[in-house]
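Trainee: I would like a close look at one part of this model. Please pick a single helix and walk me through it, then show me what else is worth a glance.

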Amino acid sequence: MKISVLDQSPIRKGGTPADAIAETIALAKASEALGYHRYWVAEHHNSNSFAGSCPEILIARLAAETKVIRVGSGGVMLSHYSPLKVAEQFRMLEVLAPGRIDLGLGRAPGSDQATAQALQAGPQAWGIDAFPSQLVLLRQFLDDSAGTPFPDNHPYRSIHAMPKGQGRPQMWMLGSGIHSAVYAAELGLPFSHAHFISPEGSEEACAAYRHRFKPSAWCETPTISMGVAALAAESEDDARKLATSRNLWVARLLTGRPIPFPSPDEALAYDFTDQERALLQTVQARSTVGTAEQVRTKFMDIAQRHGADELVVVTITYDYASRLRSYELLAEAFGLKRVANSD
């Protein structure tokens, strides 16, 4: 079982976006030392909760700060961008860190509607129905730059994503529902299901992916990872106290009043509205909280039910030390092999 990390660069109350990015860099280095397989960073825009707006830039820094761990996007929101430009960005990253770059792609905007409009490069945005065509074109640009050219009659045959090279990033389809699973299957890409966002229907989505999978040069057999949320601590009580920070944040987000991540003390003292209390059970079900062994037991069950051979773990706490400690405890529980001389 491969164990990896998804980091969303959370901004805590009283902290700054710069603090969040510094902690992302520190956590990437620690994750490599602990033996995690890959380290993904997310894309969010116009958010007072997450600082990671440019994964393609942050990945370059993370690759420079590490030596062996795979680094990549979890994910790039392709609907905002030109497939050629994304191909160029990740070709450059592949040249800078050969064999270590992942290009995870998402359909969601990663923002509110007004921000999505502001991200448009021109008067007309890509419609959601264009997403499959964007995926195909992006893959063709990456294939072309790695030595497999466009067909002779293709209008972009003379256009190349530079810099060229034999290697190419590992391309993943990310999603929380059936549509993304089908896109991944039809294009022969590995699929990472965002279980921590939408556990409902996750088994059906993974089953559809396996059933419809078409082998490709990118992925020969169905490959599934599960994006899962966890918080591990020395005791279950400690973990549940730390988790109150994220629980309050999600409850506020779902009621349209997002805030930076509050401290556990603030969360415990918070006077929840009836609407927020009604959401808490759903919020808590999205994350596994407890000792490392409790988390491991739950995660192994999730992996088995979905046919996954990798777990990508997102952990958010108010303070960085607790977040790092959670990953340390999970690395120990899963028996990850530490990487010597990773600093």
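Mentor: What follows is a walk along one helix, with a few stops elsewhere. Keep in mind that this is a predicted model.

Start with helix H7, which spans residues 202-212. Which of its residues are buried? They are Ser202, Ala205, Cys206, Ala208 and Tyr209. Now look down the axis of H7. Its buried residues fall within an arc of 155°, so they line one face of the helix. Turn to the face pointing away from that buried side. There you find the exposed residues Glu204 and His211.

What covers the buried residues of H7? The cover includes two helices, H6 (178-187) and H11 (292-306). It also includes two strands, E6 (191-193) and E7 (224-232).

Take Cys206 next. Its relative accessibility is 0%, so Cys206 counts as buried, the cut-off being under 20%. Is it paired or unpaired? A search of the whole structure finds zero disulfides. Cys206 is in no disulfide, and the nearest cysteine sulfur, that of Cys219, is 13 Å away. A disulfide needs the two sulfur atoms within 2.5 Å, so that distance rules the pair out. Another cysteine, Cys54, has a relative accessible area of 32%, so it is partly exposed.

Now Tyr209, also on the buried side of H7. Tyr209 has a relative accessible area of 0%, so this residue is buried too. Aromatic rings come in here. A pair of aromatic rings is described by the distance of the centres and the angle of the planes. The count for this model comes to 11 aromatic pairs. In one of them, Tyr209 meets Phe213. Their ring centres are 5.6 Å apart and their planes stand at 70°, so the pair is edge-to-face. Phe213 is buried as well, with a relative accessible area of 11%.

Leave H7 for two other ring sites. Ring pairs link Phe50, Trp249 and Phe261 into a cluster. At Trp218, the neighbour to note is a charged one: Arg168 lies over the ring face, at 4.1 Å from the ring centre.

One last stop is Pro132. Pro132 sits in helix H5, which covers residues 131-145. Its relative accessibility is 26%, so Pro132 counts as partly exposed. Pro132 and Glu186 are 54 residues apart in sequence. In space, their C-alpha atoms are 9.8 Å apart.

How values were computed. Residues are numbered from 1 along each chain as its sequence is written. This is a predicted model: local features need pLDDT of at least 70, side-chain atom pairs count only at pLDDT 80 or more; totals for chains, interfaces and linings use all residues. Side-chain values use heavy atoms; hydrogens and water are left out. Buried means under 20% relative accessible area, exposed over 50%, partly exposed in between (1.4 Å probe, protein chains only). Helices (H or I, at least four residues) and strands (E, at least two) are DSSP runs, numbered from the N terminus. The arc is that of the directions from the helix axis to the C-beta atoms. Contact means heavy atoms within 4.5 Å. Rings of Phe, Tyr and Trp (its six-membered ring) pair if their centres lie within 6.5 Å; planes under 30 degrees apart count as stacked, over 60 as edge-to-face and the rest as tilted. A charge sits over a ring if NZ of Lys or CZ of Arg is within 6 Å of the ring centre and within 35 degrees of the ring normal.
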